[in-house]
Amino acid sequence: MIQILASYRTTLFLLATYALLMAAATIIEKQYGTPVAKGIVYYSPLFFLIQILLCAAFVCTSMRRRLFTADKWHYSLLHGAFIVILAGAGVTHLWGREGIIHLREGEKTRLFRLKGSEAHAELPFELELRKFNLIRYPGSLSPSSYESYLTIHTPEGAHEVKICMNHIQDMDGYRLFQASYDEDERGSILSVSDDSTGRSITYIGYLLLFIGLAGSIFAPKSRLMSARRRLNKLTGTILPAVILCFGSSLDCHAGNMPQDHLREFGRLPMQSVSGRIIPINTFAEELLQKTGMQDQLSIPAEQWLLEMMTFAPKWANIPIVAVENKSIRHKYGWEKERISYRDAFTGEGKYLLADEIAAIYHKSPEKRNQLDKDLIKLDERINIIHQLFNFQLLRIFPLPDGMSNNHWAAAGDDLGMIAKEAAAQIGQMFADYRQAVRNASESGSWEEADRALQTISRYQKTHAAHLINDLKLKAEVSYNHYNLSNSCKKIYLISGGLLLLLTFYFWFRPENRAGKKGRNVLIACVACGFLAHSYTIILRWYISGYAPWSNSYETMVTMAWVAVAGGLLFARRDSMTCALATLFGGIALFVSELNWMDPQITPLAPVLKSPWLMFHVATLMAAYGFFGICCFIGGVNLLLSGCSKQYEKIAMQIKRLTLINEILMIIGMALMGIGIFLGAVWANESWGRYWGWDPKETWALISFVLYALVLHAHWFYPTADHKRFNLLAQLSFLSVLMTYFGVNYLLSGMHSYGNTSGLTDISMAIWLPAILFFTIPAVTAYTRISRK
């Protein structure tokens with residue numbers, strides 16, 4: 001039995017089975033729900049047995065390989081950490097207790113209901129809810145924080161505490177977390193955890209894992225250092241130590257409006273639906289995107305918005321509403337892909353979509369088909385135009401003192417809740433401004449419009465000066481205007497493509513002086529793009545007030561940044577790696593600009609207001625970036641493998657790229673392991689559990705296991721067999737794509753964005769090259785390996 005467990009094949013078989021069971025569980029969860037998936041897989045005897053056998057296999061393999069030596073301490077620590085973590089999870093599963101406490105204001109209790117049952121347990125102290133407070137973002141219904149003000153009664157006396165998201169309370173070995181609240185905001189729902197022993201063991205395991213992963217990079221006898229030494233022999237130089245660190249346009253408008261006036265109008269603050277104070281410029285850009293018009297106008301977004309409200313009858317007859325679905329166009333008799341606002345109504349003024357939209361909203365979300373989702377999207381676009389024509393979207397008027405929650409209103413809103421004089425003042429200011437814009441468009445004199453705009457600005461500062469940050473507003477306008485991400489995308493794709501072609505060319509021809517200058521110029525262009533990319537991320541961070549990797553758009557931009565950074569680290573010694581990393585960064589930015597990626601800056605949910613978010617997501621995005629470079633290098637190596645016998649220089653380059661691939665994969669593995677454990681700590685410190693088998697967590701672990709299989713697969717074939725390693729490096733990236741895209745948009749869970757319709761909007765021009773990039777090298781390599 002010991003010999004079997006000490007076999008490499010046994011370990012890899014157990015790891016592969018472990019990954020397959022987790023993947024199957026996510027599918028079961030999607031179809032039948034979380035309890036079924038947990039009962040069949042996660043809490044099944046088979047799953048526990050595999051984890052126990054993996055621990056036993058590591059011990060037996062370590063004894064066989066003599067890993068318990070001073071120069072191999074990092075291997076022992078890294079793999080042993082998983083045993084400690086699993087032991088902590090076992091203690092938590094067997095002896096830990098979780099439950100729920102529901103308290104109304106003024107109530108006291110010692111009991112909590114155990115999770116998954118109706119049984120109750122008793123606390124060694126008594127809880128009293130003095131007050132619950134739900135804090136919302138200004139002018140919004142979105143929660144900013146949930147706060148429970150409690151009195152804890154113990155034999156020693158009473159203690160007053162506040163519990164909120166990311167602020168827990170430890171008491172006599174129990175941990176209390178803010179979970180939810182009652183709809184009337186007079187009651188609080190707390191979660192309670194009794195698991196001090198399991199938590200201590202698990203945290204020790206996480207610490208050992210961190211040290212072991214760091215050792216796998218920096219230890220002199222680590223595999224990464226070994227690969228680095230082999231690479232130096234091939235290049236003849238020492239690589240920098242820094243690698244070890246982590247269509248048609250619409251032009252129907254009243255006339256050319258002066259840029260000075262449009263600039264001031266665009267900087268004017270307003271309150272978004274989410275409660276964030278934004279410049280009108282941001283609002284106009286978002287409306288263009290939602291209506292599908294961002295590439296259809298030859299005028300600034302601010303001018304379009306101003307004209308929509310000032311010259312509504314003219315714009316109502318212009319085809320500005322996109323209708324991509326052919327079935328919808330055929331059904332309502334619309335011949336073109338764009339319709340006007342009036343096209344959505346009958347001659348009697350009846351809204352054509354009214355009955356169907358009402359029927360769709362009576363369906364549960366999971367029963368809506370693609371046609372239903374496209375109709376909802378079209379209805380939203382028409383409603384946006386309708387509200388613009390009725391002045392109901394531009395919330396530029398802060399309500400006078402005494403109104404709750406710093407609410408701002410639009411001129412077309414119902415202002416019956418405020419004094420008649422204040423409501424009349426708001427209506428008059430907006431009417432005066434619209435009339436001044438009409439007069440200026442006819443006469444060409446904009447002084448009256450400038451004064452009317454300044455009147456609105458003074459009103460805003462009188463009633464909401466504490467909410468207006470002029471520097472942030474100007475920064476956000478600049479962020480929107482320059483759109484540096486789009487410029488970086490073009491720089492990366494063009495410079496990376498040219499650098500790739502130039503590198504290929506000099507593999508077959510002697511490199512001359514002009515070629516070196518050309519290569520340096522292209523790398524300098526990439527570096528300039530990287531600096532602009534970095535500035536964009538910093539600027540978005542300043543505008544939003546939090547680390548910009550909290551949604552799909554931001555994480556994709558961050559992943560592109562990490563990939564290009566990794567390529568630049570190797571630029572001096574290997575231009576091919578730099579070229580491939582730059583191309584990957586350009587493609588990632590291209591994906592971030594697709595319609596189903598939402599670039600809006602939105603307020604954070606309460607649970608995301610944690611410093612753990614910044615480190616957890618940033619580390620995982622860095623890992624994905626390194627894995628993306630590995631995928632590209634693997635694909636290129638497989639395509640070049642057919643030429644290696646004819647050209648000795650090609651064979652040498654493949655060896656070098658494979659070693660670089662190995663180094664990058666080890667760094668990516670370390671980053672992913674650290675990112676996963678940081679996420680587990682965040683989860684435990686925020687809501688009292690390390691691991692909930694959420695699909696995102698599960699697929700991150702699957703990716704980690706698959707890359708571990710790739711790095712350990714050299715047990716079965718010689719290190720010099722580069723084809724197999726590059727093939728596996730490429731195919732394993734499919735798991736990363738599933739972790740990022742598949743889970744976010746296809747599976748249900750805490751990390752899901754729930755927008756599957758956007759995936760169908762990606763044209764075959766994107767997916768077909770991606771599919772060919774994966775399949776052609778993979779099939780070619782598999783055929784050659786099989787013939788061997």
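Here are legends for a set of close-up views of this predicted protein model.

Before you dive in, residues are numbered from 1 along each chain as its sequence is written. Because the model is predicted, local features need pLDDT of at least 70, side-chain atom pairs count only at pLDDT 80 or more, and totals for chains, interfaces and linings use all residues, while side-chain values use heavy atoms and leave out hydrogens and water.

**View 1. The whole protein has 27 helices and 14 strands.**
Helices here are DSSP runs of H or I with at least four residues, strands are DSSP runs of E with at least two, and both are numbered from the N terminus. Of the 788 residues in the protein, 51% are buried. Buried means under 20% relative accessible area, exposed means over 50%, and partly exposed is anything in between, using a 1.4 Å probe and protein chains only. The protein's accessible surface adds up to about 36400 Å², and carbon and sulfur atoms account for 60% of that. These areas come from the Shrake-Rupley method with a 1.4 Å probe, and for residues only the protein chains shown count as cover.

**View 2. Helices α18 and α19 cross each other.**
Look for α18 at residues 484-508 and α19 at residues 513-544. Their axes come within 9 Å and cross at roughly 155°, so α18 is roughly antiparallel to α19. Axes are lines fitted to C-alpha atoms, for helices over the stretch in contact, and angles run from 0 to 180 degrees between N-to-C directions. Angles under 35 degrees count as roughly parallel, over 145 as roughly antiparallel, 65 to 115 as roughly perpendicular, and the rest as oblique. This α18 and α19 crossing is left-handed. A crossing gets that label if the near helix is turned anticlockwise from the far one by less than a right angle, and it is right-handed if clockwise.

**View 3. Helices α24 and α25 pack against each other.**
Here α24 (residues 695-712) and α25 (residues 722-731) have axes 10 Å apart, at an angle of about 175°. That makes α24 roughly antiparallel to α25. On the α24 side, the contact is made by Y707, V710 and L711, and on the α25 side by F725, L728 and A729. Contact means heavy atoms within 4.5 Å.

**View 4. L15 sits in helix α2.**
Helix α2 covers residues 8-32. L15 counts as buried because its relative accessibility is 17%. Setting aside neighbours within four places in sequence, L15 is in contact with L54, V705 and L709. You can also pick out I50: it is 35 residues from L15 along the chain, with 8.5 Å between the two C-alpha atoms.

**View 5. R64 and S44 are shown around helix α4.**
R64 lies in helix α4. Its C-alpha atom is 6.7 Å from that of A6, although the two residues are 58 apart along the chain. If you skip neighbours within four places in sequence, R64 is in contact with A6, S7 and Y8. S44 is in the loop between α3 (34-42) and α4 (45-65). With 9% relative accessibility, S44 counts as buried. Not counting residues up to four places away in sequence, S44 touches K38 and G39.

**View 6. D172 and E185 both sit in loops between strands.**
D172 is in the loop between β6 (169-171) and β7 (174-181). Its phi is near 50°, a positive value in a residue other than glycine. D172 is exposed, with a relative accessible area of 52%. E185 is in the loop between β7 and β8 (187-194). Phi is positive for E185 too, at about 60°, although E185 is not a glycine. With a relative accessible area of 25%, E185 is partly exposed.

**View 7. T282 lies in helix α9.**
Helix α9 runs over residues 280-291. T282 counts as buried because its relative accessibility is 5%. Leaving out neighbours within four places in sequence, T282 is in contact with R276, E476 and N480.

**View 8. C630 and C631 do not form a disulfide.**
A disulfide is a pair of cysteine sulfur atoms within 2.5 Å, and the structure holds 0 of them. The closest cysteine sulfur to that of C630 is in C631, but at 8.8 Å it is too far for a bond. C630 counts as buried at 0% relative accessibility, and C631 counts as buried at 1%.
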